[in-house]
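User: I would like to learn how to read charged pairs and open space in a protein model. Could you take me through the general idea and then the case at hand?

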Amino acid sequence: MNYSEKVMDHFINPRNVGEIENADGIGEVGNAKCGDIMKMYLKIDEDTITDCKFKTFGCGAAVATSSMATEMIKGKSIDDALKLTNSAVMEALDGLPPVKIHCSVLAEQAVKAALTDYYTKQGIDPEPIVGKVPEMEEE
């Protein structure tokens with residue numbers, strides 16, 4: 001499979017790996033069948049994502065898309081993070097092989113799942129803001 005240099009760079013040197021203690025939002029998405037599981041942690045201060053980290057269990061493309069997604073939303077407003085799409089993540093990585101496009105979809109969903117958790121913790125119904133986020137698929 002041909003991966004772009006950016007995909008390889010984010011796979012070999014992923015940014016923002018780890019956990020955030022007392023995160024304001026935590027989202028976990030994935031598909032146990034294909035083995036890709038992403039967990040995203042957000043620190044939010046007055047509507048700005050001041051920090052985000054991720055832990056991804058999966059293939060190189062899953063790690064690269066998680067890494068790129070965190071880079072794209074860090075320091076941004078929640079509104080900007082909500083606009084993050086899987087195609088924007090793919091574009092930022094200079095593309096993905098067709099069989100790996102689902103990894104970029106998971107990265108988008110992980111961000112939305114973490115924001116859903118954030119709003120839920122604030123006592124706000126997240127669905128009108130974030131939309132419906134797919135549940136973790138069990139095996």
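Analyst: This is a predicted model, and a good place to begin is with Glu 108 and Lys 112, both of which are buried. Their side chains meet in a salt bridge, with 2.8 Å from N to O, and because Glu 108 and Lys 112 are four residues apart in helix α5, about one helical turn separates them.

User: What is the general idea behind such pairs, and how many salt bridges does a search of the whole structure find?

Analyst: Side chains of opposite charge can pair when their charged atoms come close. Here the search of the whole structure finds seven salt bridges. One of them joins the side chains of Asp 51 and Lys 74 at 3.5 Å, N to O; Asp 51 lies in strand β3 and Lys 74 in the loop between α2 and α3, so this pair ties together parts that are 23 residues apart in sequence. Lys 74 is partly exposed, its relative accessible area being 31%.

User: Which residue does the side chain of Lys 83 meet in a salt bridge?

Analyst: The partner is Asp 80, at 4.0 Å from N to O. Lys 83 is exposed, with a relative accessible area of 59%, while Asp 80, at 39%, counts as partly exposed.

User: And how should I read the largest pocket?

Analyst: Rolling a probe the size of a water molecule over the atoms shows where empty space is left. In this model the largest pocket holds about 220 Å³ of space, and of the 14 residues that line this pocket, those closest to its centre include Ala 113, Thr 116 and Glu 135. The elements giving two or more residues to the lining are β1 and α5. By class, that lining has six nonpolar, three polar and five charged residues.

Definitions and conventions:
Residues numbered from 1 in each chain as written. Predicted model: local features only at pLDDT ≥ 70, side-chain atom pairs only at ≥ 80, totals over all residues. Heavy atoms only, no water. 1 Å grid on protein atoms, 1.4 Å probe; cavity = no way out; pocket = protein on both sides within 12 Å on 5 of 7 lines; lining within 4 Å. Points joined across faces, edges and corners; volume = space filled by probe spheres on them. Nonpolar A, V, L, I, M, F, W, Y, C, P; charged D, E, K, R; others polar. Buried < 20%, exposed > 50% of the residue type's maximum accessible area, 1.4 Å probe, protein only.
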